[in-house]
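Reader: I would like to learn how to read ring contacts and strand pairing in a model of this kind. Could we go through them one feature at a time?

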Amino acid sequence: MIKSSICDLLGIEYPVFQGGMAWIADGKLAAAVSNGGGLGIIAAGNAPGEYVRQQIQIAKSMTNKPFGVNIMLMSPFADEVAQTVIEEKVAVVTTGAGNPSKYIKDWLAVGIKVIPVVASVAMAKLMTRLGASALIAEGGESGGHVGELTTMVLVPQVCDATNLPVLAAGGIADGRGVAAAFMLGAQGVQMGTRFLSATECTIHPVYKEKILKATDLCTIVTGKRLGHPVRSLRTPFSKKYFEAEYGGMSDEELEQLGTGALRLAVQEGDNERGSFLSGQIAAMVKKEQPAAEIVREVMEEAEPILLRASQWVK
Ligand code: TUI
């Protein structure tokens, strides 16, 4: 059985976080992951505080285990949601797509454990200094908003830059990925794409099917020109967006084209106008299964790999 400091820090059984995927990671999915011994995380995405409060209450009604809320810092409602998590006394806050410095003191004051996603060594050092409990080092293999560095390159450098426990994210979907993350110095993992196939994940069946049928070269990064690169499945829409981005379309028109695209994918499975966010690892997501089974399976797969590793040394 693999135990790490993350398990002791948060009172969870397995050092596995479910990523806070906007429009996708609701209270029901988070509760299922937490009941399975990992850390379920509700995504605030671009939603207002009241939506997040509802999802927190749903999760509280479905589990007595700790769970987290992810605050997407580019959201117009980030300030509001930062207050909601205080009022609801959530156990853990993770942040993404920006710098959460201005909120950290207030979260710590009420005993919330703050675990920011970092995509650089500088951000890892800053978050360590400001009192984070752990860090998530997310490489650009991930789905959604991506940084510059890969997981292989980022994780060891973040581990060297902090004395906090580090969770690796980006490109991890099975026990081999978990074992590799530990080899790089991480004490746990966060997975997003793998949980898209969870039974409790209520994305549109078209979205789930696309993930289960994905192949190795199936994702594309768009949005670089506007300064927020996003990885998604190659679809008619993402190809059209990519072409518009590198053709002559104005920033305003491009912004317009992207608006609402994630919701159209998640809720309507709209192949023509939806943005199906996904990590590069989608091709390794093979079947639908309960979230708790995913958590247990990846950790059970990692165990013999880590045990075998010492046998390489003669
Ligand atoms: O946040 C994510 N992934 C996301 S957020 C999201 S919602 C969205 N939808 C459309 C367009 C844009 C966003 C979808 N996927 N992952 C965590 C993450 N955070 N990855 C990288 C970072 C990051 C990047 C820069 C964290 C901090 C950072 O700091 C920059 C700075 O210095 O402010």
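Reader: Are F237 and Y241 buried or exposed?

Author: In this predicted model, F237 is buried, and Y241 is buried as well. The two residues lie in helix 10 (residues 236-246), and, being 4 residues apart there, they are separated by about one helical turn.

Reader: How is the geometry of the rings of F237 and Y241 to be read, and what is the pair called?

Author: One looks at the distance between ring centres and then at the angle between the planes, where a pair that is neither under 30 degrees nor over 60 counts as tilted. The ring centres of F237 and Y241 are 6.2 Å apart and the planes stand at 50°, so this pair is tilted.

Reader: How many aromatic pairs does the structure hold?

Author: The structure holds 4 aromatic pairs. One of them joins Y207 and F276 edge-to-face, with 5.0 Å from centre to centre and 85° between the planes. Y207 belongs to helix 9 (residues 205-213), whereas F276 sits in the loop between helix 12 (261-268) and helix 13 (291-309), so this contact ties together parts that are 69 residues apart in sequence. Y207 is buried, at a relative accessible area of 0%, and F276 is likewise buried, at 0%.

Reader: Which residue lies over the face of F276?

Author: That residue is K210, which lies over the face of F276 at 5.1 Å from the ring centre.

Reader: Let us turn to the strands; which way do the residues of strand 3 point?

Author: Here one follows the side chains along the strand and asks about burial on each side. From strand 3, F67, V69 and I71 point one way while G68, N70 and M72 point the other way, and all of them are buried. Strand 3, which spans residues 67-72, is accordingly described as mostly covered, with 6 of its 6 residues buried.

Reader: What joins strand 2 to strand 3, and in which sense do they run?

Author: Strand 2 (residues 40-43) is joined to strand 3 by 4 bridges, and the two run parallel; within this pairing, A43 stands opposite N70. Between these strands the chain passes through helix 3 (residues 49-62), and the resulting β-α-β crossover is right-handed.

Reader: How many bridges pair strand 3 with strand 4?

Author: Strand 3 pairs with strand 4 (residues 92-96) over 5 bridges, in the parallel sense, and I71 stands opposite T95 of strand 4. The chain goes from strand 3 through helix 4 (residues 78-87) to strand 4, in a β-α-β crossover that is right-handed.

Note on methods
Residues numbered from 1 in each chain as written. Predicted model: local features only at pLDDT ≥ 70, side-chain atom pairs only at ≥ 80, totals over all residues. Heavy atoms only, no water. Buried < 20%, exposed > 50% of the residue type's maximum accessible area, 1.4 Å probe, protein only. Pairing = 2+ DSSP bridges. Right-handed = clockwise from strand over helix to strand, strands pointing away. Phe/Tyr/Trp six-rings, centres within 6.5 Å; stacked < 30°, edge-to-face > 60°. Lys NZ or Arg CZ within 6 Å of the ring centre and 35° of its normal.
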